Amino acid sequence: MSSFNVDVVVVGSGAGGSTVAGRLGQAGKRVMVVEAGPVRFGTPGLHARNLDVSEAGMLEYAKVVMNEWVFPCSSSTPVEGLPGFLVSHGVGGSFSLWCSNAPSPDVSELPKWMDPAQWAQYFAEAARVMHVDPDIAKGGVRAERILAATRAAVTGLPAGREVQPMPIAARRVDGKLKYTSSDDLLAQATDGVLPQVLADHVVRQVLHVNGRASGVVAFPRQGGDPVVIHADTVVIASGTLAAAQLIHASGIDAGPALGRNLLDHPILSTRVVLRPEILEDVPAHDPIFSIWVPHSADHPWQTEVFRFPQTPAAGTRDEDGADITTFVAMDENPDNRISFDSETKDAFGLPQVRVHLQHSLADTQRISEALAEHYRVSAAVGDITRGANFMMYGVGGSAHLMGSCRMGPENDGTSVVDRYGQLWNMDNVFVAGNAVLGSSNSSNPTFTLVAAALRTADRILDLTQAL
Ligand SMILES: Cc1cc2nc3c(=O)[nH]c(=O)nc-3n(C[C@H](O)[C@H](O)[C@H](O)COP(=O)(O)OP(=O)(O)OC[C@H]3O[C@@H](n4cnc5c(N)ncnc54)[C@H](O)[C@@H]3O)c2cc1C
């Protein structure tokens, strides 16, 4: 059996894992990131959209997303109870496929127990490391016309949370757009010690005794002997289902909230062909657009008008289309939960999971109100006379499943990790990624999870430097 010795082992290379790994590497820690899937797109953690950022490349990107977005463990069937839930197994996780919409959450979406001032520094830092640009989706002909039409359709929102261009995590490199993903987050460590990435290995166990972990055991995807990675600190960043699954499989006492308080964003989506007046005389290289109707306390959903990577309807050009997507906030409910079957193993050799996730009456009411606005926006920007493909995804289909390892202020059985992402009952095990976000929200979560993961990394540095 081969083994490695590092300071920190991180399980999973998506947004949460790469954020923590890059930050710790920057501070000089020796970090190994273990990822169940392969290196893709030529560079560990590269965003698929960067393979060809031209208009033609959008369709290639759509093909990659359709291939790489799969049921957990690349199974042929969905997780029981979660028909819409897909993941991506490869270095970068779903973060290598994401649409780069990086909105700041409203204060009403943050945990009530946490002082917003405690988040502020980390949101600023997340914007810096993710290269979030509030202006990059401004100024195009389609962008300005869609913005005006959406503003006319949705009024009465509070100051600062009115309809506006979406902040996008992308920058120009050598004159071309580069969308942010795990490669950029790992590169935080460029002036320190770059994390090692062990691809195509599934972690099945965190080794621990008396509340202290000593590393993890990883199994090669193609078979062969397991690898032991000895580490002073373990960070579990394997996604909302898989993080809870690994904690359970390892026999760690994470308390009664493990796997509970799942949050999804019920998602309404309509693909339209843009209205003729929006398409009139649009220049050939019109820049990207992404328009944002933000969440606020009295408007507990978020709508965006952008282009989701998918194949256009027959007879239409991709660049003439737009997707209107509305994410709706769900009630917090401990009964929305994962259950584990320790007797049956999934294709990764971890306990099979089942999910119970239902919308409450209040959720249904909220979805119906959001649907009315969704239609108004669709009709304002889309040529509805041609019809439109409306759909509501199956539960889990938002790609934003959150909450199985919820953060909380006290070890009172309602949370799994403390406000820094550390498991309550373990000295040196942390969770990063969407799994820790456990308060009702509807903004795309990646920006928020990166802020939380930066905080987790700083906490690890504080604790380990104090030793
Ligand atoms: C098409 C698409 C569009 C999206 N658009 C947006 C958007 O515009 N804005 C936004 O905010 N969010 C968006 N998202 C969601 C965003 O990608 C996620 O919020 C983010 O990637 C979650 O990060 P994570 O670290 O929690 O998990 P993930 O990115 O899922 O990473 C988890 C990683 O852990 C690995 N893993 C799992 N189990 C194991 C194991 N046992 N051992 C080793 N490795 C393991 C997985 O293979 C995976 O690589 C989108 C997602 C998709 C798919």
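The largest nonpolar core holds 77 residues, among which Met-130, Ile-229 and Leu-423 touch the most other members. A nonpolar core is a set of buried Ala, Val, Leu, Ile, Met, Phe, Trp, Tyr and Cys residues joined through side-chain atoms within 4.5 Å, where buried means under 20% relative accessible area (1.4 Å probe, protein chains only). Helix 9 gives the largest share of this core, six residues. A second, separate core has 19 residues, including Ala-149, Ile-278, Val-293 and Val-305.

The model is predicted: local features need pLDDT of at least 70, side-chain atom pairs count only at pLDDT 80 or more, and totals for chains, interfaces and linings use all residues. Residues are numbered from 1 along each chain as its sequence is written, and side-chain values use heavy atoms, with hydrogens and water left out.

Met-130 has contacts (heavy atoms within 4.5 Å) with residues including Phe-95, Trp-98, Thr-446 and Phe-447, not counting residues up to four places away in sequence.

The ligand is surrounded by 39 residues, each with a heavy atom within 4 Å of it. Glu-35, His-89, Cys-99, Asn-101 and Thr-446 are the closest. By type, the shell has 19 nonpolar residues, 19 polar and one charged. Helix 1 (15-26), strand 8 (201-209) and helix 9 (446-465) each supply at least two shell residues, and strand 8 gives the largest share, three.

Polar contacts (N or O pairs within 3.5 Å) link the ligand to the backbone:

| Backbone partner | Ligand atom | Distance |
|---|---|---|
| Gly-90 | oxygen | 3.4 Å |
| Ser-94 | oxygen | 3.2 Å |
| Val-203 | nitrogen | 3.0 Å |

Taken alone, the ligand exposes 1000 Å², of which the protein buries 96% (Shrake-Rupley method, 1.4 Å probe).

Notes
Polar contact = N/O pair within 3.5 Å; in protein donor to acceptor, adjacent residues only side chain to side chain. Helix = DSSP H or I, 4+ residues; strand = E, 2+ residues; numbered from the N terminus. Nonpolar A, V, L, I, M, F, W, Y, C, P; charged D, E, K, R; others polar. Buried < 20%, exposed > 50% of the residue type's maximum accessible area, 1.4 Å probe, protein only.
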